[in-house]
Protein chains: 4
Amino acid sequence: MIEPMAEYVDVFQVGARNMQNFCLLHELGKAQKPVLLKRALSGKLDELLHSAEHIFASGNEQIILCERGIRTFETAYRNTLDLNAIPYLKQRTHLPVIVDPSHGTGDAQMVTPLSCAAIMAGADGVIAEVHPNPASALSDGMQSLDFKQAETLIQQIRSVLACRQSLENI
Amino acid sequence: MIEPMAEYVDVFQVGARNMQNFCLLHELGKAQKPVLLKRALSGKLDELLHSAEHIFASGNEQIILCERGIRTFETAYRNTLDLNAIPYLKQRTHLPVIVDPSHGTGDAQMVTPLSCAAIMAGADGVIAEVHPNPASALSDGMQSLDFKQAETLIQQIRSVLACRQSLENI
Amino acid sequence: MIEPMAEYVDVFQVGARNMQNFCLLHELGKAQKPVLLKRALSGKLDELLHSAEHIFASGNEQIILCERGIRTFETAYRNTLDLNAIPYLKQRTHLPVIVDPSHGTGDAQMVTPLSCAAIMAGADGVIAEVHPNPASALSDGMQSLDFKQAETLIQQIRSVLACRQSLENI
Amino acid sequence: MIEPMAEYVDVFQVGARNMQNFCLLHELGKAQKPVLLKRALSGKLDELLHSAEHIFASGNEQIILCERGIRTFETAYRNTLDLNAIPYLKQRTHLPVIVDPSHGTGDAQMVTPLSCAAIMAGADGVIAEVHPNPASALSDGMQSLDFKQAETLIQQIRSVLACRQSLENI
């Protein structure tokens with residue numbers, strides 16, 4: 001199933017609902033392309049690391065971990081983006097750790113502050129949903145940035161990263 | 001009960017387990033000192049704002065809101081510090097919002113990255129537990145910084161705040 | 001505070017939001033009346049037992065534990081009534097354990113089946129909200145039984161209890 | 001993938017971690033055998049019903065829904081078996097609803113009281129793990145009944161069901 005796609009794919013993304021679909025993980029372990037592995041909605045971090053092991057054990061070492069919001073009792077946002085995951089995972093693995101604040105919060109207004117906070121907490125990257133006109137998006141418009149907001153965010157992230165690196169000298 | 005204490009107190013702190021102890025909130029509403037109101041372990045943000053209203057309605061406008069970690073299924077840390085709360089609260093209230101990463105994570109190694117992340121997300125301050133020798137602390141030693149770590153954190157927070165303010169010009 | 005009430009009170013109820021209001025628990029420990037102690041919205045069962053110890057240690061052994069629904073990610077009901085608590089608590093304490101399905105679910109249609117299930121799981125009793133005309137109740141009408149439903153429930157609980165006792169002979 | 005198995009299979013079970021593996025659901029929708037669909041660890045009940053729709057829409061109407069414990073903050077048991085799900089689902093669907101108290105609690109001592117409670121709440125059945133010698137089981141021994149306990153449970157369930165049916169005349 002994976003092979004015919006590989007030619008056209010840069011990165012395989014395993015969605016949160018498939019974090020423990022072990023057949024899929026084993027197939028992706030045989031692919032020669034990076035795999036972006038998202039934490040399940042109630043996935044413990046140790047389970048996320050175990051799922052990464054399944055890919056690794058099948059032969060693929062190019063794995064990116066992604067925090068994308070967990071389910072809690074709080075209904076103020078769509079999910080609860082868990083930035084605690086970043087220092088926890090960075091202490092336990094050499095794998096890159098990125099964050100998805102669009103799905104993590106479900107609210108475009110929260111994407112920029114939480115992206116910057118994630119980088120400051122040690123994240124290696126951010127994936128954010130972008131749409132030319134979020135108000136008319138067919139799906140996930142509420143959590144999407146427009147092109148101008150995305151461009152600003154990219155510049156802000158560069159500043160935050162420079163700041164984080166400068167903290168090491170304090 | 002509150003009055004005899006007021007002379008010696010700078011700030012009254014309402015612990016997480018008393019966020020909805022309405023008798024206490026009304027008494028503090030009559031005090032002339034600031035009140036630091038912590039979110040309950042499963043307190044919804046709208047409930048936190050309602051508890052602040054109880055203090056406000058009794059006559060005290062000096063209220064500080066504090067995110068200190070919520071209860072979730074994740075057992076990797078003592079609580080799950082919820083940084084989503086910062087932009088959410090800042091959009092809905094003029095009250096200062098601070099964060100307690102010591103109780104929020106229960107792990108001294110996570111206090112510094114999450115303090116910096118909280119400031120970047122828009123927090124107005126951080127409270128962290130500090131002890132001259134955390135290893136011999138009678139309580140909460142695992143989550144306490146020593147004096148040198150605390151001093152470094154203060155300097156780092158100054159840098160992060162300067163960075164956050166500079167982002168507004170991007 | 002407690003003493004002037006004692007003359008008029010049959011049972012003191014500690015609401016979920018005050019399960020860890022230790023000043024209140026100590027005062028109730030000095031009272032000569034039974035105390036109904038409700039589990040907090042995110043109260044672990046071991047914390048509920050510790051709170052009972054606080055009352056006990058102050059001198060009052062007449063304590064009733066009450067499961068009344070916890071906070072989870074599920075929004076289909078107001079709270080998630082946790083019937084696992086019944087066998088867990090009954091194995092660890094001699095105290096009576098009762099259940100509040102009205103607050104636990106927030107839905108009058110669920111009160112009867114969950115009351116019967118709670119008795120079958122080993123509960124010593126049920127407290128349910130009753131109102132002569134739930135549709136016009138000023139508060140909690142959605143979760144209230146009318147008089148006729150309450151009468152039927154009482155008869156059903158008697159049958160369920162008889163059935164539970166008969167199971168011991170199988 | 002499904003077809004070669006169908007000859008040897010009585011019921012296809014979709015485990016909790018695959019409740020939203022839509023490819024799998026569509027394949028099972030083409031099978032001529034019943035499908036036992038388990039609720040995900042943080043699966044909302046409306047999502048469980050949507051997953052059932054995916055099977056249904058692909059042509060298979062033989063679907064059994066199964067509550068098997070959700071993830072909450074409570075660590076006293078492995079999962080929190082959610083018996084509220086039973087009356088909720090029975091009001092919204094004609095599909096049979098069963099309960100798995102072995103995975104739901106992870107504790108053999110809780111299996112019997114919660115099985116009886118589930119039947120009393122309206123469940124159409126129970127699946128429980130059974131092992132000739134749970135203490136030496138290679139997996140899930142802590143939550144398994146031995147043969148004698150299982151036989152007793154079956155008899156108890158018959159009594160509980162008779163009791164539940166008799167309640168309809170009260």
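Here is a short conversation about a predicted model, looking at where chains A and B meet and at some details of chains B and C.

User: What makes A:Glu74 and B:Arg39 a salt bridge?

Analyst: The side chains of these two residues meet at 2.8 Å, N to O. The cut-off is 4 Å between a side-chain nitrogen of Lys or Arg and a carboxyl oxygen of Asp or Glu, so the pair qualifies. Between chain A and chain B the count is two salt bridges.

User: Which helices of chain A each supply at least two residues of the side that touches chain B?

Analyst: They are α4 (85-92), α5 (101-105), α6 (108-120) and α7 (147-167). The residues on that side of chain A divide into 22 nonpolar, 14 polar and five charged.

User: How many residues are in contact between the two chains, and what area is buried there?

Analyst: On the chain A side 41 residues are in contact with 41 residues of chain B. About 3,300 Å² is buried between them, with carbon and sulfur atoms giving 66% of that area. A:Phe73, A:Asn84 and A:Ile170 supply 21% of the area that chain A buries against chain B, more than any other three residues. As for polar contacts, there are 12 residue pairs between the two chains, counting those with both residues at pLDDT 80 or more.

User: Why is B:Asp140 called partly exposed?

Analyst: Its relative accessible area is 24%. Buried means under 20% and exposed means over 50%, so B:Asp140 falls in between and is called partly exposed. You can find B:Asp140 in the loop between β5 (125-126) and α7 (147-167) of chain B.

User: What is notable about the phi of B:Asp140?

Analyst: B:Asp140 has a positive phi of about 60 degrees, although it is not a glycine. Most residues other than glycine have a negative phi.

User: And what about C:Asp140: where is it found, and what is its phi?

Analyst: C:Asp140 is in the loop between β5 (125-126) and α7 (147-167) of chain C. Its phi is positive, about 60 degrees, and it is not a glycine either. With 24% relative accessibility, C:Asp140 counts as partly exposed.

User: How do you know that strand β3 of chain C is largely enclosed by the rest of the structure?

Analyst: Strand β3 covers residues 63-67, and four of its five residues are buried, so the strand is largely enclosed.

User: What makes β2 and β3 of chain C a pair of strands?

Analyst: Four bridges join β2 (residues 35-38) to β3 in chain C. Pairing needs at least two bridges, so these strands pair. They run parallel, and C:Leu37 has C:Leu65 in β3 as its bridge partner.

Notes
Residues are numbered from 1 along each chain as its sequence is written. Chains are lettered from A and ligands numbered from 1 in the order in which they are written. This is a predicted model: local features need pLDDT of at least 70, side-chain atom pairs count only at pLDDT 80 or more; totals for chains, interfaces and linings use all residues. Side-chain values use heavy atoms; hydrogens and water are left out. Contact means heavy atoms within 4.5 Å. Buried area is the accessible area (1.4 Å probe) that two parts lose on being put together, summed over both. A polar contact is a pair of N or O atoms within 3.5 Å; within protein, one must be able to donate a hydrogen and the other to accept it, and residues adjacent in sequence count only if both atoms are side-chain atoms. Ala, Val, Leu, Ile, Met, Phe, Trp, Tyr, Cys and Pro count as nonpolar, Asp, Glu, Lys and Arg as charged, and the others, Gly among them, as polar. Buried means under 20% relative accessible area, exposed over 50%, partly exposed in between (1.4 Å probe, protein chains only).
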